[in-house]
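The exercises that follow ask you to read a protein model step by step, and each task is followed by a worked solution. Try each task on the structure before you read on.

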Amino acid sequence: MSTPRLFSTHVPYASLPKSVKESKCRIVYVCRNPLDTLISHWHFGSHLSDIRSSGWTLEEFVGKFCDGKEGFGPFWSQVLGYWKDSIENPNKVLFLKYEDLKEDIIYQIKRLAEFIGFPFSQEELRQGVVEDISKLCSLNALKDLEVNKNGTYASSLPNKSFYRKGEVGDWVNHLSPSMLER
């Protein structure tokens, strides 16, 4: 593939190959509140036969999530691996929080552009390029793309399963006090 290339993964930092860690490539990691991550993963899992056929209730899924026995391993191990490397190698790893993206997308887009080596010019800023990018990349815009309404991933998973609400704090509508405590 010609450059630039984009690769998306849920692989923990420790599991990335040396060819990635020791290369000149840049890594952008987006972290989300663990409670919202859990709910998002639970809903996404309803599209996957392995989770649905397991018969897990939400409460059981909370236990699996807290024990790091589902999906991509322990949540905090995954997050801390990227966070620590973003501190040690700030020119290599950019650590973003989903909540910060939702709060001030314009600032975060500018930050991302600088990190990948394509800062916006003053003219682009005056022309509203950043605002246009934020609209094009919004959850609603992506959700409304025809491919994400009707397409499939790996010929069995509906692309629409990758897009739900994207709301910060939606966990309050799903988790009981005992699940929250866990």
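Helices here are DSSP runs of H or I with at least four residues, numbered from the N terminus. With that in hand, note that Gly68, just after helix 4, takes a positive phi of about 70 degrees. Keep in mind throughout that the model is predicted.

**Exercise 1. The chain as a whole**

Task: Find how many helices and strands the protein chain has, and state what share of its residues is buried.

Solution: Begin with the elements, since counting them along the protein chain gives twelve helices and four strands. Next, turn to accessibility, where a residue counts as buried if its relative accessible area is under 20%. Buried residues make up 29% of the 182 residues in the protein chain. Finally, consider the extent of the protein chain, whose C-alpha atoms fill a box of roughly 55 × 35 × 35 Å along the principal axes.

**Exercise 2. Helix 4 and its partner**

Task: Decide which residues of helix 4 are buried, and describe how helix 2 and helix 4 pack.

Solution: In the first step, go through residues 58–66, which form helix 4, and pick out the buried ones, namely Leu58, Phe61, Val62, Gly63 and Phe65. To interpret such a list, it helps to recall that an α-helix has 3.6 residues a turn, so residues three or four places apart point the same way.

In the second step, recall that two packed helices are described by the angle between their axes and the distance between the axes. For helix 2 and helix 4 the angle is about 125 degrees, and the axes are 11 Å apart. Helix 2 is therefore oblique to helix 4, and the crossing of helix 2 and helix 4 is right-handed.

**Exercise 3. The second largest pocket**

Task: Describe the second largest pocket by its space, its lining residues and the elements that contribute to the lining.

Solution: Start with the volume, as about 240 Å³ of space lies in the second largest pocket. Then look at the lining, which is made of 15 residues, and of these Pro34, Phe65, Cys66, Trp76 and Arg182 are the closest to the centre of the pocket. The elements that give two or more residues to this lining are helix 2 (34–45), helix 4, helix 5 (75–88) and helix 12. Last, sort the lining by residue type, which gives twelve nonpolar residues, one polar and two charged. Phe65 therefore links two exercises, because it is both buried in helix 4 and listed among the residues closest to the centre of the pocket.

**Exercise 4. Places, exposure and distances**

Task: For Ser161, Asp144 and Leu139, work out where each one lies and whether it is buried, partly exposed or exposed.

Solution: Take Ser161 to begin with, which is found in the loop between strand 4 (157–158) and helix 12 (177–181). Its relative accessibility is 8%, so Ser161 counts as buried. The C-alpha atoms of Ser161 and Gly117, 44 residues apart along the chain, are separated by 32 Å.

Asp144 lies in the loop between helix 10 (139–143) and helix 11 (146–150). With a relative accessible area of 52%, Asp144 is exposed. Asp144 and Tyr163 are 19 residues apart in sequence, and their C-alpha atoms are 9.7 Å apart in space.

Leu139 has its place in helix 10, and at 23% relative accessibility Leu139 counts as partly exposed. Leu139 and Phe120 are likewise 19 residues apart in sequence, with a C-alpha to C-alpha distance of 23 Å.

Note on methods:
Residues are numbered from 1 along each chain as its sequence is written. This is a predicted model: local features need pLDDT of at least 70, side-chain atom pairs count only at pLDDT 80 or more; totals for chains, interfaces and linings use all residues. Side-chain values use heavy atoms; hydrogens and water are left out. Buried means under 20% relative accessible area, exposed over 50%, partly exposed in between (1.4 Å probe, protein chains only). On a 1 Å grid over the protein atoms alone, a cavity is a set of points where a 1.4 Å probe fits but cannot get out, and a pocket is an open set with protein on both sides within 12 Å along at least five of seven lines; lining residues have an atom within 4 Å of a point. Grid points are joined across faces, edges and corners, and a volume is the space filled by probe spheres set on the points. Ala, Val, Leu, Ile, Met, Phe, Trp, Tyr, Cys and Pro count as nonpolar, Asp, Glu, Lys and Arg as charged, and the others, Gly among them, as polar. Axes are lines fitted to C-alpha atoms, for helices over the stretch in contact, and angles run from 0 to 180 degrees between N-to-C directions. Angles under 35 degrees count as roughly parallel, over 145 as roughly antiparallel, 65 to 115 as roughly perpendicular and the rest as oblique. A crossing is left-handed if the near helix is turned anticlockwise from the far one by less than a right angle, and right-handed if clockwise.
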